Amino acid sequence: MLETGQSIPSFSLPDQSGENKSFQDLSGKKGLVLYAYPKDNTPGCTVEAQQFTELVGAFEKLGFHVVGISKDSVKSHCNFTDKFNLGFPLLSDPEKVLLEPLGAWGEKKMYGKVSMGIIRSTFIADADGKLLKVYKNVKAKGHAEKVLAFVEGL
């Protein structure tokens, strides 16, 4: 997994509208909050997305944009965004071109079973793409508030 001080790799991935977006397209004046989540329309991922949506205005006032990323399809992201009126872009990365370099794709254990999947993580980068903070293996509920508190302290 990438660490604080490293840079987010360059990327061009489609958002829920099917438009390819890069870091430069998505970053706010001061930076970007990029969170990786396992799957659209699942309970934990829905809670996390709704909590980020509630706080998106506060992030934007601080100069940061919020973006979610998973390996779900553009269509799935479009449905998820519409269903829950999400207030930020969702990137589709089925080939894991960004998820793997970030370290957000790897071995997971659930109920003693080991599988490969998206490790719920959040990456906070400055406007140049340098990582200011990395949250690994996060719990969905309440995570957006922790991220906002960190950004407010910058």
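Which strands does α3 lie across, and at what angle does α3 run to β5? That was my way into this predicted model. I found α3 lying across β4 and β5, with an angle of about 160° to β5.

**Entry: the sheet**

I traced the sheet next. I get an open sheet of five strands, ordered β5-β4-β3-β8-β9, and the pairing is mixed. At the edges sit β5 and β9 (131-135), each with pairing on one side only. From one strand to the next, the twist averages 20°.

I then picked out one pair for a closer look. Strand β3, residues 31-36, pairs with β4 in the parallel sense, and I have six bridges for that pair. Within it, Ala36 stands opposite Ile69 of β4.

**Entry: helix α3**

Back to the helix. Which residues of α3 (74-84) are buried? My list reads Ser76, His77, Phe80 and Thr81. They sit on the same side of α3, because the arc they cover around the axis is only 130°. The spacing is no surprise: an α-helix has 3.6 residues a turn, so residues three or four places apart point the same way.

I also checked what these buried residues touch. They pack against α2 (43-61), β4 (64-70) and β5 (90-92). On the face turned away from the buried side I noted the exposed residues Lys75, Asp82 and Lys83. Just after α3 comes Asn85, and I jotted down its positive phi of about 50°.

**Entry: helix α5**

I looked up a second helix over the sheet. Helix α5 covers residues 143-152 and lies across β3, β4, β8 and β9. Against β9 it runs at about 155°.

**Entry: Ser121**

Last stop was a single residue in β8. Ser121 belongs to that strand, which spans residues 121-126. Is Ser121 buried or exposed? I count Ser121 as buried, because its relative accessibility is 0%, and the cut-off for buried is under 20%.

Where does its side chain go? I see the Ser121 side chain reaching the backbone oxygen of Ile119, at 2.5 Å.

For its other surroundings I left aside neighbours within four places in sequence. Ser121 is then in contact with Met1, Leu34, Tyr35, Ala36, Ala104, Tyr135 and Val138. One of these contacts, Ala36, links back to my sheet entry, since I had already noted Ala36 opposite Ile69 in β4.

Notes: Residues numbered from 1 in each chain as written. Predicted model: local features only at pLDDT ≥ 70, side-chain atom pairs only at ≥ 80, totals over all residues. Heavy atoms only, no water. Helix = DSSP H or I, 4+ residues; strand = E, 2+ residues; numbered from the N terminus. Buried < 20%, exposed > 50% of the residue type's maximum accessible area, 1.4 Å probe, protein only. Polar contact = N/O pair within 3.5 Å; in protein donor to acceptor, adjacent residues only side chain to side chain. Contact = heavy atoms within 4.5 Å. Arc of directions from axis to C-beta. Pairing = 2+ DSSP bridges. Axes fitted to C-alpha atoms, helices over the stretch in contact; angles between N-to-C directions.
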